[in-house]
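This report describes a metal site, a nonpolar core and one helix residue. The sequence and the structure are shown first.

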Amino acid sequence: MTSTISNRRFAKWAMTMCAAGAALIAGDAFAQNVQFAPGKAFFDTKCAVCHQAGGRGQDGLAPPLTELPGRYAANGEGRKQLGLTVLNGMFGQIAIKDKTYNFKMPSFRIESDEDLASVLNYLVFDANSKHAGAKPFTAAEVKALRVTQMDGAQVREHREATLKSLGL
Ligand code: HEC
């Protein structure tokens, strides 16, 4: 009898823990406040494998995306940099704060203008707490950037120039 009760208690505890774990994995607590839900879904499917959930980054692999995208988005050159990065990828060493990254960001040129605009909006407005008066990306803005084809190393050089012009 005693063992039945404790088994039941254990089962209840286990179910509660599983539910909590599932909510964490699905990012439920976070998802409630997401403004760009389709962009988040796209990010979770295509980008989080390297940049991790919410764009927090992964040492030695992919940089965090929780600060610079918001700053880029408030400035014309910065917006261009964000668009060029997703359209062309990026390659070569970059530094963020005291950490360096030197791996290849793939090109997402085959994705639609709508999807790329929405994933950038998720990054800027949901994953970054600061985005000083930036307006949302539109599909037309992404489309206009498609004509600028660069290789990953050129995108990295463009990034250096952009950071300089933003005083970062
Ligand atoms: C295969 C791993 C990988 C995937 C998948 C990936 N990235 Fe990246 N991303 C990187 C790496 C690595 C860099 C840094 C490249 C470098 O060192 O030159 C980067 C850089 C970036 C940057 C530039 C950050 C800065 O500070 O300028 C942005 C923005 C970005 N990624 C967005 C995305 C988005 C959006 C997606 C999904 C559509 C994505 N990435 C998918 C690996 C990845």
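Six donors around a metal count as octahedral if opposite donors are over 155 degrees apart and all others between 65 and 115. In this predicted model, the iron atom of the ligand has 6 donor atoms with angles of 88 to 180° among them, and its site is octahedral. Ideal angles for six octahedral donors are 90 or 180 degrees.

The protein contributes His51 through NE2 and Met105 through SD, which lie 2.0 to 2.1 Å from the iron atom. His51 belongs to helix α4 (residues 48–51) and Met105 to the loop between β2 (99–101) and α7, so the two donors tie together parts that are 54 residues apart in sequence. Both His51 and Met105 are buried.

The largest nonpolar core has 32 residues, and those touching the most other members are Phe43, Ala73, Leu82, Leu116, Val124 and Phe137. Elements that each supply at least two residues of this core include α3 (37–46), α6 (76–88), β1 (94–96) and α9 (152–165). The largest share, 9 residues, comes from α7. In soluble globular proteins, nonpolar side chains tend to be buried together.

Two residues are listed below with their contacts, leaving aside neighbours within four places in sequence.

| Residue | Contacts |
|---|---|
| Phe43 | Ala48, His51, Gln52, Gly54, Gly55, Leu65, Val119, Tyr122, Leu123 |
| His158 | Glu77, Lys80, Gln81, Leu84, Met150 |

Phe43 is thus in contact with the iron donor His51. His158 is found in helix α9. Its relative accessibility is 14%, so His158 counts as buried, the cut-off being under 20%.

Methods:
Residues numbered from 1 in each chain as written. Predicted model: local features only at pLDDT ≥ 70, side-chain atom pairs only at ≥ 80, totals over all residues. Heavy atoms only, no water. Core = buried A, V, L, I, M, F, W, Y, C linked by side-chain atoms within 4.5 Å. Buried < 20%, exposed > 50% of the residue type's maximum accessible area, 1.4 Å probe, protein only. Helix = DSSP H or I, 4+ residues; strand = E, 2+ residues; numbered from the N terminus. Contact = heavy atoms within 4.5 Å. Donors = N, O, S within 2.8 Å, 3.2 Å for Na, K, Ca; no water. Tetrahedral: all angles 85-135°; square planar, octahedral: opposite > 155°, others 65-115°.
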